[in-house]
Amino acid sequence: MNLVYKKAAIEDLDILTETRVEVLRAANRLSKDTDMSEVKKQSYDYYKKSLCDGTHIAYLIYDGSCFAGTGGISFFQVMPTYHNPSGKKAYIMNMYTRAEYRRRGIAYQTLNRLIRDARSRGITAISLEATDMGRPLYEKYGFVEKNAEMELPEEKLREGMDAREAR
């Protein structure tokens, strides 16, 4: 195995977009028939903007010319808090290793690079959503479960908007 960890650049838009769709299919157990055209378009637009403005870093991992895996991190700003006075945060996403390359440390090395990039920007708050497959990796790295966060499901958001608009 001759692995190369390449920091993605604008010329990698197509492979980034394709791997994003591949990751989502795997994580959500979607069939090849599932229409991902809107996700593909939006992902392409996201990468095009965020790679240029520096709000996202992605790594593409190759074994020679074969794609082996990927991982990314998005950077954003929230209001400062006591525990995060800068308000700078990062979110790790799109971590994926092709089946034939798993259990070789690729995801760990990718995660390590992403966290190093975040630290170099002064970020002290990093979060992610873990799949069942990825959870052991993140726990090994030191991530802990955080239960205080809540999310409003899309259908409830629509209901709330519909109720307000009816007034």
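Here is a friendly conversation about how the terms used for this predicted model follow from its computed values.

Reader: Let's start with the chain as a whole. What makes up its secondary structure?

Author: There are five helices and five strands in the chain. Read from the N terminus, the elements follow the order β-α-α-β-β-β-α-β-α-α. The C-alpha trace spans about 60 × 45 × 30 Å along its principal axes. Of the 167 residues, 34% count as buried.

Reader: And what does the surface look like in numbers?

Author: The accessible surface comes to about 11100 Å², and 52% of that belongs to carbon and sulfur atoms. As for charges, the chain has 27 positive and 24 negative ones, and their mean positions lie 6 Å apart.

Reader: Why are strand 1 and strand 5 said to stand at the edges of the sheet?

Author: The five strands form an open sheet in the order 1-2-3-4-5. Strand 1 (3-7) and strand 5 (125-128) each have a single partner strand, so one side of each is left without a neighbour in the sheet. On average, neighbouring strands are turned by 20° against each other, direction ignored.

Reader: How do you know that strand 1 and strand 2 pair?

Author: Pairing takes at least two bridges between two strands. Strand 1 and strand 2 (residues 56-63) have five bridges, in the antiparallel sense, so by that definition they are paired. You can find one position of this pairing where Val 4 stands opposite Tyr 62 in strand 2.

Reader: What makes the pairing in the sheet "mixed"?

Author: Look at both sides of strand 4. Strand 3 and strand 4 pair in the antiparallel sense over eight bridges, with Ile 73 opposite Ile 92 in strand 4. Strand 4 and strand 5, on the other hand, run parallel and are joined by four bridges; there, Tyr 91 stands opposite Ser 127 in strand 5. The sheet holds both senses, and its pairing is called mixed.

Reader: Which helices pack on the sheet, and which strands do they touch?

Author: Helix 1 (residues 13-27) packs on the sheet and touches strand 2, strand 3 (66-77) and strand 4 (88-97). The direction of helix 1 makes about 80° with that of strand 4. Helix 2 (residues 37-53) also packs on the sheet, touching strand 2, strand 3 and strand 4, and its direction makes about 110° with that of strand 2.

Reader: Why is Thr 19 called buried?

Author: The cut-off for buried is under 20% relative accessible area. Thr 19 has 2%, so it falls on the buried side. This residue lies in helix 1. Leaving aside neighbours within four places in sequence, Thr 19 is in contact with Phe 67, Thr 70 and Asn 94.

Reader: Asn 94 comes up there. What is notable about its backbone?

Author: Asn 94 has a positive phi of about 60° although it is not a glycine. The residue lies in strand 4. With a relative accessible area of 6%, Asn 94 is under the 20% cut-off and therefore buried.

Reader: Arg 29 also has a positive phi. Is that residue buried or exposed?

Author: Exposed: the label requires over 50%, and Arg 29 has 75% relative accessibility, so the label fits. Its phi is about 50°, although it is not a glycine. Arg 29 is found in the loop between helix 1 and helix 2.

Reader: What makes Ala 107 "partly exposed"?

Author: Partly exposed covers what lies between the 20% and 50% limits. Ala 107 has 22%, so it belongs there. Ala 107 lies in helix 3 and touches Met 95, Thr 97 and Leu 137, not counting residues up to four places away in sequence. Its C-alpha is separated by 9.0 Å from that of Gly 134, 27 residues apart along the chain.

Reader: And how do you know that Thr 124 is exposed?

Author: Its relative accessible area is 63%, which is over 50%, so Thr 124 counts as exposed. Thr 124 lies in the loop between helix 3 (106-120) and strand 5. Even so, it has contacts: Thr 124 touches Asn 84 and Lys 88, not counting residues up to four places away in sequence. Thr 124 and Ala 90 are 34 residues apart in sequence, with 8.4 Å from C-alpha to C-alpha.

Note on methods:
Residues are numbered from 1 along each chain as its sequence is written. This is a predicted model: local features need pLDDT of at least 70, side-chain atom pairs count only at pLDDT 80 or more; totals for chains, interfaces and linings use all residues. Side-chain values use heavy atoms; hydrogens and water are left out. Helices (H or I, at least four residues) and strands (E, at least two) are DSSP runs, numbered from the N terminus. Axes are lines fitted to C-alpha atoms, for helices over the stretch in contact, and angles run from 0 to 180 degrees between N-to-C directions. Contact means heavy atoms within 4.5 Å. Buried means under 20% relative accessible area, exposed over 50%, partly exposed in between (1.4 Å probe, protein chains only). Accessible areas come from the Shrake-Rupley method with a 1.4 Å probe; for residues, only the protein chains shown count as cover. Lys and Arg count as positive and Asp and Glu as negative; His and the chain ends are not counted. The place of a charge is taken as NZ of Lys, CZ of Arg, CG of Asp or CD of Glu.
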